[in-house]
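Here are my notes on the cysteine links, for your review. Please read them beside the coordinates.

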Amino acid sequence: MGIRNFGAIMASVALAAPAPVYAGTSGDVPPQLQTMIDEAAAVCAELDGGKFAMEDTAIQRVDLDGDGDEDWALNESAFACSTAASMYGGTGGTMSHFLIDDSLASMLTQDWGMAKLGPHTVLLADVHGSQCDGINPTPCVTASVWDAEEKVWRSTGASWE
């Protein structure tokens, strides 16, 4: 991939970034995600009576599969527990959950965003450097596309020569 193509991809990531705030009520949240939120709150409460908090940015609506309809993402990086600063994440990242129709998939990420590459809508995730044979600060990104027929995320580890 040439430097021009890489620049175009990064520009498209900025343009296709997920909406940062979901202003709906908890009744609007799909049950799969609401269960995850409820479980996170319960785990916090069990730890010395901790108080759970969730920023508005925890839930995002974004077209993950390129079909024109908004899907759901839940980012635990926006969770907090008063009695455990790192309960929902650490140097490896935090869990991000992606819901398309009834298919829920989760990934440990340090950040993520969306891009268009040809006909594909691509989920780009900044992941722990150990996934690239390094350590935490080693830059490492994975790209995945949704296979609507099989209802799975597809990605590969590229072979560089």
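1. Start with Cys132. In this predicted model, its relative accessibility is 37%. The buried class ends at 20% and the exposed class begins over 50%, so Cys132 counts as partly exposed.

2. Its partner is Cys140. The two residues form a disulfide, with the sulfur atoms 2.0 Å apart. Cys140 has a relative accessibility of 5%. That is under 20%, so Cys140 counts as buried. The bond therefore joins a partly exposed Cys132 to a buried Cys140.

3. Now the geometry of this link. The torsion about the S-S bond of Cys132 and Cys140 is 70 degrees. The link is right-handed.

4. How many disulfides does a search of the whole structure find? It finds two. Besides the pair just described, Cys44 and Cys81 form a disulfide. Their sulfur atoms are 2.1 Å apart.

5. Where do Cys44 and Cys81 sit? Cys44 lies in helix H2, residues 31-46. Cys81 lies in strand S4, residues 79-81. The two cysteines are 37 residues apart, and the pair links distant parts of the chain.

6. Are Cys44 and Cys81 buried or exposed? Both Cys44 and Cys81 are buried.

7. Why is the disulfide of Cys44 and Cys81 right-handed? The torsion about its S-S bond is about 90 degrees, so the disulfide takes that hand.

8. Last, the connectivity. With bonded cysteines counted along the protein chain, the disulfides follow the pattern 1-2, 3-4. Please check this pattern against the sequence.

Terms used:
Residues are numbered from 1 along each chain as its sequence is written. This is a predicted model: local features need pLDDT of at least 70, side-chain atom pairs count only at pLDDT 80 or more; totals for chains, interfaces and linings use all residues. Side-chain values use heavy atoms; hydrogens and water are left out. A disulfide is a pair of cysteine sulfur atoms within 2.5 Å. Helices (H or I, at least four residues) and strands (E, at least two) are DSSP runs, numbered from the N terminus. Buried means under 20% relative accessible area, exposed over 50%, partly exposed in between (1.4 Å probe, protein chains only).
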